[in-house]
Amino acid sequence: MSEYANRSALVTGANSGLGFEAAAQLAEMGYGSVTLACRTQEKADAAAAELRARTGADVFDTVAVDVAVIESSRNAAAELINRGRAFDVVLLNAGMVPSELERTTDGIEMSFAASLIGHHILTTELLDAGLLDGASVVLVGSEAANNDLPKMMGMSVYDFALGEPSAFGSTEVEAMRNFATAAGKPEYNGSRQYATTKVFSSWWSAAMERRTDGTTRFYTVSPGANLGTSADRNITGGLKLMLGVMGKVGKYVGMDQPVPVGAKRYIDVAHGVDGPYESGRTYTSRPKKMTGPLVERDHDHLTDVDRQDTAIGLLDELVG
C-alpha cells in the first residue's frame, strides 16, 4: 500500500494543463482521494474519466466551481464542507493572462478574480470547517511577480506594489482596491495586470501563514514557463506572437518546459521534495529565468508585511 493511500488532495483548474497533470501525478503517487475542482460539472466529469484511464486509479472525485465568481466559490466550499473530507494537499491552480479588460459579475477584474477570489473563499471556509488542519496549500505564482523578467515581455509590476507613488490611488488600500476592480486606473495593460496580481499571490500565502499561526502551511509556487497550457488563451497581438516564438525556441533558452515539469513543482513543494520549503514564502525559478530549480524569493516588495496584511484585508472585503 502506498504511503499516501490515506491522503486526500484538492486541485482547482483540474480539467486541463497544469491542474490536470498535477492531479494525475498525485494519483500516480498513490493518493487515496483527489478532488477535481473545475469550472463546470461537465468539464470535471470528463477530466475524471480521462484521468482514470491514464492512471488506472479510481480515486477521483469532482466539484464544480468557477473560482472567479463569489457565489460559485461559496457553493463549492459548502459542498466540500458537507462531504466532510479533510484535505492534506490543496493545489490552487487557476489564472489567466488577459488581453482586454473584463470584470466578473461581482465587479472584480477577471484575472485578479480567477487567481485569488475563489481560492481565498475555498481556503478560508475549509479552514473554518477544520478541514485543512496540517495541510499544505500551494497557490500558483509566477516569475513575473519578481519584477525582473526581460523588458520585452512587458510584465513589469505596477508601482503601488513596489512601495512607490501610484496612479491607482492616494493610499495603499485605495490603490489595491482600484487595481482589483479596474477602477480609476491607468489604461488597461493585461500583462502588467497579470504580473501585479501574482504579487498579491505572494502576499496571500505570507498573510495566511500568519493568520493560521503555522497550523496549515502555505506556499506560492511558480510552475515556470509552460507554454503548453491554456493560460495564454486570452492573449492577442504582439505578446501572443512572442509567446508563439518562445514555444518554438523557449526550451533552448530556459524560457519553456514541459507541463509535467511545471506541475511537479507544485507537488514537490507540497511534499518538501528537494526542500525544505518555508511556509508563507514564494518559490520561483532563479533570477531572470523561467525554468530550472526552485529558489525562495525574498524581494522587498514580496516580503512587505504591511502590504501583505492590507492585501488579505482587501480580499476579505471583496468577498464579503
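This is a chat about the sheet and one serine in a predicted model.

Colleague: What order do the strands of the open sheet come in?
Modeller: The order is 3-2-1-4-5-6-7-8, so there are 8 strands, and the pairing is mixed.

Colleague: Mixed how? What holds strands together anyway?
Modeller: Strands of a sheet pair through backbone hydrogen bonds, and the pairing can be parallel or antiparallel.

Colleague: OK, which strands stand at the edges?
Modeller: Strand 3 (60-64) and strand 8 (295-297) do. Each has a single partner strand, so one side of each has no neighbour in the sheet.

Colleague: And how much are neighbouring strands turned against each other?
Modeller: By 25° on average, ignoring direction.

Colleague: Back to strand 3. In which sense does strand 2 pair with it, parallel or antiparallel?
Modeller: Parallel: strand 2 (residues 33-38) and strand 3 share 5 bridges. Val-34 sits opposite Phe-60 of strand 3 there.

Colleague: Which strands does helix 4 lie across?
Modeller: Helix 4 (residues 110-128) lies across strand 1 (8-12), strand 4 (89-92), strand 5 (136-140) and strand 6 (217-221). Helix 4 runs at about 170° to strand 5.

Colleague: New topic: where is Ser-142?
Modeller: In the loop between strand 5 and helix 5 (172-181).

Colleague: Is Ser-142 buried or exposed, and why?
Modeller: Buried, because its relative accessibility is 7%, and the cut-off for buried is under 20%.

Colleague: What does the Ser-142 side chain reach?
Modeller: The backbone nitrogen of Ala-144, at 3.0 Å. The Ser-142 side chain also makes a polar contact with the side chain of Tyr-194 (3.5 Å).

Colleague: Which residues does Ser-142 touch, leaving out those up to four places away in sequence?
Modeller: Tyr-194 again, plus Lys-198, Ser-222 and Thr-284.

Note on methods: Residues numbered from 1 in each chain as written. Predicted model: local features only at pLDDT ≥ 70, side-chain atom pairs only at ≥ 80, totals over all residues. Heavy atoms only, no water. Pairing = 2+ DSSP bridges. Helix = DSSP H or I, 4+ residues; strand = E, 2+ residues; numbered from the N terminus. Axes fitted to C-alpha atoms, helices over the stretch in contact; angles between N-to-C directions. Contact = heavy atoms within 4.5 Å. Buried < 20%, exposed > 50% of the residue type's maximum accessible area, 1.4 Å probe, protein only. Polar contact = N/O pair within 3.5 Å; in protein donor to acceptor, adjacent residues only side chain to side chain.
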